[in-house]
Amino acid sequence: MNFSFEFFERNSVYPFYKSVHNRTNGSILNNNSSENAGEYLNDICIVQYIPPYFELEVDKENSPFDLCKIVAIPCFTADLESYVNVEEYMKVQLSKGVIKTIKSRLRRLENCFDITYEMYCGSITKEKYSFLFDQLEIMINRRFSQRNEGHSALKKWTFYKENAYQLILDEKAAFFLISDGEKPIVIGLNFLNQNIFDSAITSYDIDYAKFGLGNIAVLKKMEWCFNNGYSRFDMRWGELAYKRLWCNAIEQYECHILYNKKNIVKRITAYIVMTVINFKIYLREKNILPIKPKIRAIVKKITEKGGASSKSGASNIELVNLGDNTSYGEHLVVDTSTDEYSFLRKIQYDFQYINSEHSNTLNVYKILDRDNSYIIAGKNKAQQIIYK
């Protein structure tokens, strides 16, 4: 059982818990569904991903349940309580060099495209909602195909799509959006509860990777948190460099093993389960587990080695800088926003990043008298693309 999913995404608490104490603001949520706890008396319940800023209470006097607690994996959160704004937080949390890089990429992004930032919370049309969900799914599939990995959210995609709309209207969820004109380039589905901003699922258009959209998304979401009274920014689990970079409150999730204390077999079984889980945690700390990422890394290494020796892929693209006197009149202007020329987008955006060139002052041409050759031309710079 995943407590974070149940609490943030379903707005529910498992019935064997009497209450949830939010340590970050002192509030206590009493559980109104505790009368259904009897359904679990014949089970051993393993409840994972209990955030460290929550304290869950079991009514040991009046219920048959008892529990064992295990300190599990890291929970990556940012405590914003002591800071006035995101600028102040960044000065304390990030190095000057990192701040300079993020701000430089942000300026470059806004110089190169018509960028807007939006947070849909409390109001969104069904059409916009469906569009953003579909675009987010495309982004996730492209991004994780690039990484040769799967994304756990896709296993629950139907649930998210059917339930998040009402949560957004109820201000219990929010869609974060960065757009280039009308085109979404970053989409994030977030869940909200009291003072906690749960940054659940975020992805971006990988063609814009040069601009560091991941860090820009965190910056803009944190900015929204400060402006709207959210003092805890939760990035959930998963060891990723950007989380270590931004989070100032990295603590451990708890794992609870609940059992019927009146049943001796359940009690013994619960302690066996606890021992197994602790052993798995030990193996993880010794970098023996998990196995799947190690296998993926080996496969990726082999694939990249094979790709380097093959005659296809990015290594067979030649980029040639052109002089100022280049003429483009005899070439065909092409539109990289169409599917036909989508393969040119990343190269175009990289060119824009390097030269700080806005889309409005740039053209892409197909060279008619040479196969598989194109030109990107800005105000002062031009580059020929040759596919071999």
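In the predicted model, Ile-264, Val-265, Ile-268, Ile-272 and Val-276 form a nonpolar patch of about 480 Å² on the surface. Val-276 belongs to helix H8, which covers residues 264–285. The relative accessible area of Val-276 is 45%, so this residue is classed as partly exposed.

The protein as a whole comprises 10 helices and 16 strands. Its C-alpha atoms occupy a box of roughly 85 × 45 × 40 Å along the principal axes. The chain has 388 residues, of which 44% are counted as buried. The exposed area of the protein is about 20400 Å², and 49% of this area comes from carbon and sulfur atoms. Among contacts with a separation of 6 or more, 70% are between residues 24 or more positions apart.

The confidence of the prediction was examined next. Mean pLDDT is 91 for the protein, with 93% of the residues at 70 or more. In residues 308–314, by contrast, pLDDT falls below 50, and the stretch has three contacts in the model beyond near neighbours in sequence. Predicted coordinates should not be read in detail where pLDDT is low.

Strand S5, residues 65–79, has 11 buried residues out of 15, and is therefore largely enclosed by the rest of the structure. S5 is paired with strand S11 (residues 249–260) in an antiparallel arrangement, through 11 bridges. Within this pairing, Lys-69 is placed opposite His-256 of S11. Strand S10, residues 232–234, is also antiparallel to S5, and three bridges connect the two. Here Thr-77 has Asp-234 of S10 as its bridge partner.

Salt bridges were searched for over the whole structure, and 15 were found. One of these joins the side chains of Glu-55 and Arg-23, with an N to O distance of 3.8 Å. Glu-55 is in strand S4 (residues 54–57), whereas Arg-23 is in the loop between strand S1 (19–22) and strand S2 (28–30); the pair therefore ties together parts that are 32 residues apart in sequence. Both side chains belong to partly exposed residues, the relative accessibility being 36% for Glu-55 and 45% for Arg-23.

A further salt bridge is formed by Asp-205 and Arg-142, whose closest N and O atoms are 3.3 Å apart. This pair links distant parts of the chain, 63 residues apart: Asp-205 is located in the loop between strand S9 (196–204) and helix H6 (213–228), and Arg-142 in helix H4, residues 126–146. With a relative accessible area of 9%, Asp-205 falls under the 20% limit and so counts as buried. Arg-142, at 35% relative accessibility, is partly exposed.

The salt bridge between Asp-350 and Lys-346 has its closest N and O atoms 2.9 Å apart. The two residues lie in helix H10 (residues 345–355) and are four residues apart, which means that about one helical turn separates Asp-350 from Lys-346. Asp-350 is buried, at a relative accessible area of 17%, while Lys-346 is partly exposed, at 36%. Elsewhere, Glu-9, Lys-156, Asp-198 and Arg-236 are joined into one network by salt bridges that share partners.

Glu-330 is situated in the loop between strand S12 (317–321) and strand S13 (332–334). The relative accessibility of Glu-330 is 46%, so the residue is partly exposed. Between Glu-330 and Lys-155 the C-alpha to C-alpha distance is 50 Å, and the separation in sequence is 175 residues.

Notes
Residues are numbered from 1 along each chain as its sequence is written. This is a predicted model: local features need pLDDT of at least 70, side-chain atom pairs count only at pLDDT 80 or more; totals for chains, interfaces and linings use all residues. Side-chain values use heavy atoms; hydrogens and water are left out. Buried means under 20% relative accessible area, exposed over 50%, partly exposed in between (1.4 Å probe, protein chains only). Two strands pair if DSSP finds at least two bridges between them. pLDDT is the predictor's confidence in each residue, from 0 to 100. Contact means heavy atoms within 4.5 Å. Patches are made of residues with over 30% relative accessible area and no salt bridge: like charges are joined within 9 Å, nonpolar side chains (Val, Leu, Ile, Met, Phe, Trp, Tyr) within 5 Å. Accessible areas come from the Shrake-Rupley method with a 1.4 Å probe; for residues, only the protein chains shown count as cover. A salt bridge is a side-chain nitrogen of Lys or Arg within 4 Å of a carboxyl oxygen of Asp or Glu.
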